[in-house]
Amino acid sequence: MAERGGRGSGHGSLDKSITLPPDEIFRNLENAKRFAIDIGGSLTKLAYYSTVQHKVARVRSFDHSGKDIDNEPLYEISVQEEITARLHFIKFENTYIETCLDFIKDHLVNTETKVIKATGGGAYKFKDLIEKKLGLKVDKEDVMTCLIKGCNFVLRNIPHEVFAYQKDSDTEFRFQTNHPNIFPYLLVNIGSGVSIVKVETEDKFEWIGGSSIGGGTFWGLGALLTKTKKFDELLQLASKGQHTNVDMLVKDVYGGAYQTLGLSGNLIASSFGKSTTADKEFSKEDMAKSLLHMISNDIGQLACLYAKLHNLDKIYFGGFFIRGHPVTMRTITYSINFFSKGEVQALFLRHEGYLGAIGAFLKGAEQDNPNQYSWGENYAGSSGLMSTSPDVYPMQRTRSGTFDMLEMDRLERPLVNLPLLKDPSTYIPDTVDLTDDAMARKYWLTCFEEALDGVAKRAAASQPDSVDAQERAEKFRQKYWNKLQTLRQQPFAYGTLTVRSLLDTREHCLNEFSFPDPYSKVKQKENGIALKCFQSVIESLDSLGWEERQFALVKGLLAGNVFDWGAKAVSDVLESEPQFGFEEAKSKLQGKGRSLLEGPPHKCALIFADNSGIDIILGVFPFVRELLSRGTEVILACNSGPALNDVTYSESLIVTERIAAMDPVIHSALRDEKLLLVQTGSSSPCLDLSRLDQGLAVLVRERQTDLVVIEGMGRAIHTNYYAVLRCESLKLAVIKNSWLADRLGGKIFSVIFKYEVPCK
């Protein structure tokens with residue numbers, strides 16, 4: 001976007017000479033329907049709701065009536081356009097507001113509203129400018145109400161939104177898991193002053209206190225002491241300072257006698273105390289650090305007292321004073337820990353800068369019932385915590401953090417906890433925290449980098465009739481590569497870094513460039529081949545005695561799980577040895593299985609399926625058939641959307657229909673609703689049991705499920721290996737990664753077979 005001439009509008013201080021990368025910053029603006037804005041003293045946060053048109057992969061059965069289907073594809077694959085809802089949030093410095101408003105004005109096409117919801121002090125200052133530029137009426141909303149609505153929204157919808165800050169730790173950012181009940185909590189918003197709000201429910205909150213000593217005090221006094229005008233520069237000074245050069249400590253007052261008082265000698269006895277006795281000049285850095293400690297300690301003590309008074313153990317801090325600055329979070333955390341003796345936790349939010357804008361948007365979108373849906377963060381279009389814009393490699397950027405973005409996609413149905421989790425509040429899906437494990441982080445980031453060219457190649461090959469497939473595949477490759485480089489420098493950028501988050505980010509980037517299902521043709525082919533073998537596998541199993549059959553079923557489950565295109569060791573074999581099949585997979589297995597189906601039959605089993613083809617058809621379905629024969633009902637859960645070669649819900653419907661035509665046990669179970677097919681609500685190779693489709697959770701309760709089977713490396717090893725359930729569970733997978741096998745003390749193609757019975 002080029003320069004737009006004079007400054008005008010009576011806002012002569014506004015910067016009109018910048019050039020914005022519009023495709024990167026204001027994405028999908030032409031489809032924007034509704035706007036909200038939060039303008040603070042130095043930052044503007046813009047929110048808009050848009051509809052996004054993107055490609056989705058669809059499958060449907062052919063009409064095979066009267067035809068020889070042996071040599072025809074199992075089902076038809078099509079790529080269709082679908083419209084979904086997306087929330088966009090952009091944060092930028094107020095100095096760019098006029099240029100940004102001009103850009104929005106020039107690109108507005110389909111907005112449905114004549115009103116823009118606004119909050120923050122700047123909503124008054126810039127009201128006339130906004131109305132003139134956009135032709136929208138500014139409707140102002142209460143700041144605290146918007147902050148609380150925004151806070152509730154991110155706490156519910158963004159896993160790893162909340163973190164504690166730990167000084168002197170290898171992992172400074174310690175992210176929290178989503179708690180099923182977010183209330184009650186204390187919200188401390190530190191802007192010019194301090195506002196303290198007790199939040200009890202979605203609509204019940206109370207302003208209980210505050211202070212005039214806040215960010216404005218730090219800024220104002222800091223400017224007087226150091227002659228530094230900008231807030232961020234003042235914080236930068238403080239990060240380099242040593243407050244003990246200015247503050248009087250307990251040991252300075254008492255000498256060595258402080259130990260008899262039970263106090264640490266390094267406690268501050270008097271902020272700026274040495275400035276009254278020392279006849280010397282103090283550095284700007286030391287004075288800024290002393291001032292930051294003084295204000296942070298006061299805020300921490302005040303917040304701690306209110307938390308104790310109202311029996312609250314969680315305090316969320318936000319506002320202009322925080323903004324993700326380590327030195328600020330460190331001093332507040334220390335203060336809270338000191339005054340509460342560790343009983344109250346200081347917590348921060350990855351997206352605290354957007355709370356007001358989110359809340360203002362929600363106030364303006366109540367007719368759309370946004371809180372009735374679940375939302376998911378789109379990693380492809382979001383900046384990370386303390387990272388740069390998503391498409392620009394960090395080292396290429398001269399002004400890091402000038403623009404920051406968050407995108408959230410509306411999901412089709414609400415996501416909820418699996419009712420069988422023993423304690424949803426302590427459930428952690430991921431097995432290894434790569435933010436904490438430097439060796440594992442280095443390995444997996446390198447692993448994903450090395451696999452990237454192959455993924456891009458497969459994506460392009462999956463759309464041979466598209467003239468721009470190669471170009472889009474290269475854009476995908478570059479974008480995901482940039483994400484990986486950001487995560488090398490800042491592994492905490494999107495919360496806890498895990499194999500799951502790396503896989504999910506890759507899927508988001510593929511979807512970003514219209515590659516909804518690169519493995520669709522592979523799955524179609526492998527499903528067709530496996531179906532032709534189904535009857536012979538069943539006949540072989542039925543010829544065995546009971547005990548032999550149980551072990552054969554387990555071995556079949558594990559052998560089927562070998563067929564995973566997401567594992568490099570397997571994909572190399574499948575690419576080079578097309579004849580590699582079910583029996584060859586059995587011979588690869590290392591270790592032994594055991595019988596599960598002993599004792600009385602279970603009432604209902606929930607099975608999370610993994611891969612298409614041999615895995616689900618020759619591995620899972622014979623096991624399902626055995627359970628049904630014993631009188632156990634089965635809920636078979638498959639991904640709602642595609643990821644790698646994982647079987648999707650829509651594919652499972654077609655596969656099951658074909659199996660039912662061959663097998664009376666499956667046929668009658670479907671007819672009598674003893675076998676139920678459901679979707680998980682996920683489009684990930686991994687499994688988060690705290691975010692599952694609501695319909696699945698309802699079925700689990702109604703059918704009194706007492707056995708859960710989780711299959712696959714992504715679902716049972718990278719995630720849920722340590723998940724504790726209230727019923728019997730089986731986690732099984734084949735380790736198809738040599739590094740992981742070595743770390744677990746085994747060999748590649750070793751078997752994980754983890755059968756657990758809950759403690760009484």
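This passage walks through a predicted model of one protein, from its overall make-up to some local details.

Taken as a whole, the protein has 24 helices and 24 strands. Of its 760 residues, 57% are buried. The chain also folds back on itself a good deal in terms of sequence: among contacts between residues at least 6 apart, 73% join residues at least 24 apart. About 32,200 Å² of the protein is exposed, and carbon and sulfur atoms supply 49% of that area.

How sure is the predictor, and where does its confidence drop? The mean pLDDT is 87, with 88% of the residues reaching 70 or more. Over residues 1–20, though, pLDDT stays under 50, and the model gives this stretch 47 contacts beyond four places in sequence. Residues 388–401 are another stretch with pLDDT below 50, and here the model has 34 contacts beyond near neighbours in sequence.

Helix 6, covering residues 215–226, makes a handy example of a helix to look at up close. With twelve residues at 1.5 Å a residue, helix 6 should span 16 Å, and its end C-alpha atoms do sit 16 Å apart, so the two values agree. Its buried residues are Gly215, Thr217, Phe218, Gly222, Ala223 and Thr226. These buried residues pack against strand 8, helix 7 (231–240) and helix 9. Just past the end of helix 6 comes lysine 227, where phi turns positive, at about 65 degrees.

A few other spots in the backbone are worth a stop. The peptide bond running from phenylalanine 183 to proline 184 is cis, with omega near -10 degrees. Proline 184 belongs to the loop between strand 7 (173–175) and strand 8 (185–190), and strand 8 is one of the elements that the buried side of helix 6 packs against. Phenylalanine 272 is not a glycine, yet its phi is positive, near 60 degrees. This residue lies in the loop that runs from strand 12 (268–270) to helix 9 (284–309). Is phenylalanine 272 buried or exposed? Its relative accessibility is 16%, so phenylalanine 272 counts as buried, the cut-off being under 20%. Leucine 644, again not a glycine, has a positive phi of about 50 degrees. Its place is the loop between strand 19 (633–638) and helix 20 (649–662). Leucine 644 is buried too, because its relative accessible area is 11%.

On the outside, Val253, Tyr254, Leu261 and Leu263 make up a nonpolar surface patch of about 360 Å². Leucine 261, one of the four, is in the loop between helix 8 (250–254) and strand 12. At a relative accessible area of 44%, leucine 261 is partly exposed.

Next come the charged side chains. Side chains of opposite charge can pair when their charged atoms come close. A search of the whole structure turns up 41 salt bridges. In one of them, lysine 117 meets glutamate 141, with 2.7 Å from N to O. That pair ties together distant parts of the chain, 24 residues apart: lysine 117 is in strand 4 (residues 115–119), while glutamate 141 is in the loop between strand 5 (137–140) and helix 5 (143–157). Both lysine 117 and glutamate 141 are buried.

A more local pairing is found within helix 4. Lysine 127 forms a salt bridge with glutamate 131, and their closest N and O atoms are 3.3 Å apart. Both residues lie in helix 4 (residues 127–134), four residues apart, or about one turn of the helix. An α-helix has 3.6 residues a turn, so residues three or four places apart point the same way. Lysine 127 is partly exposed, at a relative accessible area of 24%, and glutamate 131 is partly exposed with a value of 24%.

Aspartate 433 and arginine 174 form another salt bridge, their closest N and O atoms being 3.5 Å apart. Here the partners come from distant parts of the chain, 259 residues apart: aspartate 433 is in the loop between strand 17 (415–416) and helix 12 (438–461), and arginine 174 is in strand 7. Aspartate 433 counts as partly exposed at 22% relative accessibility, and arginine 174 counts as partly exposed at 26%. Elsewhere, salt bridges with shared partners join Arg27, Arg86, Glu407, Asp409 and Glu512 into one network.

Technical notes: Residues numbered from 1 in each chain as written. Predicted model: local features only at pLDDT ≥ 70, side-chain atom pairs only at ≥ 80, totals over all residues. Heavy atoms only, no water. Helix = DSSP H or I, 4+ residues; strand = E, 2+ residues; numbered from the N terminus. Buried < 20%, exposed > 50% of the residue type's maximum accessible area, 1.4 Å probe, protein only. Patch = residues over 30% accessible without salt bridge, like charges linked within 9 Å, V, L, I, M, F, W, Y side chains within 5 Å. Areas by Shrake-Rupley, 256 points an atom, 1.4 Å probe, with all protein chains shown as cover. Salt bridge = Lys/Arg side-chain N within 4 Å of Asp/Glu carboxyl O. pLDDT = per-residue confidence, 0-100. Contact = heavy atoms within 4.5 Å. Expected span 1.5 Å × (residues − 1).
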